[in-house]
Amino acid sequence: MRILLVEDDKDVAGFVVKGLREAGHTVEHADNGRDGLFLAASENFDAIILDRMLPGGIDGLRLLETLRAQDNATPVLFLSALTQVDDRVKGLKAGGDDYLTKPFAFAELLARVEALARRGKGEGPSTRLVVGDLEMDLLSRGVKRAGQKIDLQPREFRLLEFLMRHAGQVVTRTMLLEGVWDYHFDPQTNVIDVHVSRLRQKIDKPFPTPLLHTVRNAGYMLRVEEP
Amino acid sequence: MAEPAYPIRPADIESGIDAGLQRVAAAIANEAPQKPRRAFLRSASIRFALLYGLVFGVSTILLAGSVRYSTLGILSRQTESAIRNDGASLLHSYQSGGIPELILSLGNRIHENPDDSAIYLLVDPLGNRIVGNMSSWPAGVTEDNIFYKIPIKHFTRRSTAEMRAYGLPNGDQLLIGRDIKMQEGLQIILRDAMFWALGAMIGLGVIGAVVIRSVFNRSLADIAATTKAIARGDLSQRVRRDMSGDEFDIMAETINDMLDRIARLMDGVRQVSNAIAHDLRTPITRARTRLEFAASHAASADELRAAVERATGELDGVVRVFEALLRISEIEAGARRSAFGPVDLNPVLTDLAEFYEPMADTRGIKLDTSWPTEVKVIGDRDMLQQAIANLLDNAIKFAPEHSTVRLAARLDNEVIEVHVADNGPGIPQKDRTRATERFYRAEAARNTPGTGLGLALVAAIAQLHQGRLRLDDNRPGLRAVIVLPRNLTKMQGPIRNPLRLTAAPESTLAGPGS
């Protein structure tokens, strides 16, 4: 995927560029708002990672507002040391699609950017999700694996749905917390892990090959194991 | 990163307070006058005395002026009306009996004139005196029927008189007047009295200024000395009070209260910064040592990686503490009231119970829940969620295995209470007021993971909602109760009160399950 990074801190930018390239993405980097806006407006990107405060007269918010005013709908992830809730709300109101505060774990950034970029593609509304032999019918709210019906609690269903929609991508605990429960705080205990392990009991335990994998230091991923 | 998103350092606060106090001290003590002449006027007591003198003087002058004006006015009007009456009756005499009758009347009047104050003069058209008690026609009186106030020579003595001339049909002229020397004397007496009063007033004003100045100085000197000492950094100084209850005493009390509060705040800041220093320094030290050790001792890439990962985890912990601290100060500043709206706690509680149930289940803990079908509050859903989640998190963490954690809500006419009760070690009575301070860790919790900020955050959130966090004894264990008012009063501006925890020994409402 083609990703634009607008970030003025050389070290942070360096790590992010390197990490994204290692993950197989093409990355353009601008270290000020003016260049960032020029790149964002003149080239096509799958996602933009945007620092809130930038040198060069145009800060992240202005850049994004200008971009949105030109009907450019490229998904944007804000990266910012402004952690106040109002700052977050401002960022999202200006047209940002996601917001990550510094300091961040690279795995979190990668997972979120990939999720954003893929969402931008949008396959349209579907009524059926399939990952390997796991099937989910969104209309009848039924789940089957290898033809065998699996009973899920409503919240387990939503958790699985989220994982299946992001199949093949790393999904972090925070993403689950926000996406499935709509919670925006940090539960200090491993509540999410307990939920995932419960789900795993139902969809993986009775079957020979696991689908729900733990990604070390990052989160979870639902995918078909390569043989 | 170009973003300065760090909290205010305690040193900033301290220097800010110092600067403020210095200004106060300078203002009170009138410090460092640039020019001595201006310094005299800059003294509040002198200014006060001058102002007092000015107001007093102006009112005295006004009073004396009005007395003088009205007294002299009445006398002058009386004189005029006497002249007018005299004139009317003399003209009447003239009309009834001609000149002889008039001369007779004039003769009578001059004869009966007891104090010689009435003046009459009848002259022929050539100006020769026919009859009268004045030697000649005064030069100043030129027209008829107008009152003149002029100096006259009244035979031998000089005087001032008010006079009016009447022309008679035969060409003779009649002058009627009154000697007003007495009025003039009264005028002079009143003027002199005014000057004397003014002089006395200036004298008294100067004495008053000196007295006021010394009273001011006596009362303010102590305040100035105290504030100066505090500006120098000695926060233990207090203004001496005379307990008289007068304005200065009240001001001294107010200043002392302010100083107490500043001292408490400074203590709080110091405590928090010590706690931050400790709670952040520890994981940072650990991470640093680990990295340093790994750099020099790691035998393999795997070992190195493991060390780096653990250090990263420790830094994440630091970030978490940081974020919790920022969140608390953000909430304490009241910045998040903008997100307030009606919230039904029923689905919030249902979701949270469902969220934590599997977690409780892993420890064999039963989550016992009960709340009314509708629990409406005005507030911020996210924050209420977080507050209740923090309490549940704690309860499940500290409850013994295979016990019950109770999550309940109840409401009466005035308040809504959300109870989270466990049978864990609880918090000893003596520690309960401290339990919502930042970084408080109960003895029993020393070795469990956590930032020590959870209850502080809950208390802050409750305060933002005009409620409070109450910690009760669950016999055994802790029952944390978020008490929220059902009707929020006016909510404007940031919270000024310090976060307070009311550690009531027992709930006013009977707790659920007890």
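Student: In what order do the four strands of the open sheet in chain A come?
Tutor: The order is β6-β7-β8-β9, and the pairing is antiparallel. Strands are DSSP runs of E, at least two residues, and helices are runs of H or I, at least four, numbered from the N terminus. Strands pair if DSSP finds at least two bridges between them.

Student: Where do these numbers come from?
Tutor: This is a predicted model: local features need pLDDT of at least 70, side-chain atom pairs count only at pLDDT 80 or more, and totals for chains, interfaces and linings use all residues. Residues are numbered from 1 along each chain as its sequence is written, with chains lettered from A and ligands numbered from 1 in the order written.

Student: Back to the sheet. Which strands stand at the edges?
Tutor: β6 (128–131) and β9 (148–150) of chain A do. Each has a single partner strand, so one side of each is left without a neighbour in the sheet.

Student: How many bridges hold β6(A) and β7(A) in the antiparallel sense?
Tutor: Four, with β7 of chain A covering residues 134–137. Leu129(A) has Met136(A) in β7(A) as its bridge partner. Val131(A) stands opposite Leu134(A).

Student: What links those two strands?
Tutor: They form a hairpin with two residues between them. Gly132(A) sits in the turn, with a positive phi of about 60 degrees.

Student: And how many bridges join β7(A) to β8(A)?
Tutor: Four again join β7(A) to β8(A), and these strands run antiparallel. In β8(A), Lys144(A) is the bridge partner of Glu135(A). This hairpin has four residues between the strands, and Arg141(A) there takes a positive phi near 55 degrees.

Student: Which side chains along β7(A) are buried?
Tutor: Leu134(A) and Met136(A) point to one face and are buried (20 or more other C-beta atoms within 10 Å of their own, placed from the backbone). Glu135(A) and Asp137(A) point to the other face and are not buried.

Student: Why do they alternate?
Tutor: In a regular strand the side chains alternate between the two faces of the sheet.

Student: New topic. How many residues of chain B are in contact with chain A?
Tutor: 26 residues of chain B are in contact with 29 of chain A (C-beta atoms, placed from the backbone, within 7 Å). On the chain B side, α6 (301–332), α7 and α8 (381–398) each supply at least two residues.

Student: Which residues of α8(A) meet α7(B)?
Tutor: Val191(A), Val194(A), His195(A) and Arg198(A) do. Opposite them in α7(B) are Phe355(B), Tyr356(B), Pro358(B), Met359(B) and Thr362(B).

Notes: Contact = placed C-beta atoms within 7 Å. Buried ≥ 20, exposed ≤ 12 C-beta atoms within 10 Å, placed from the backbone.
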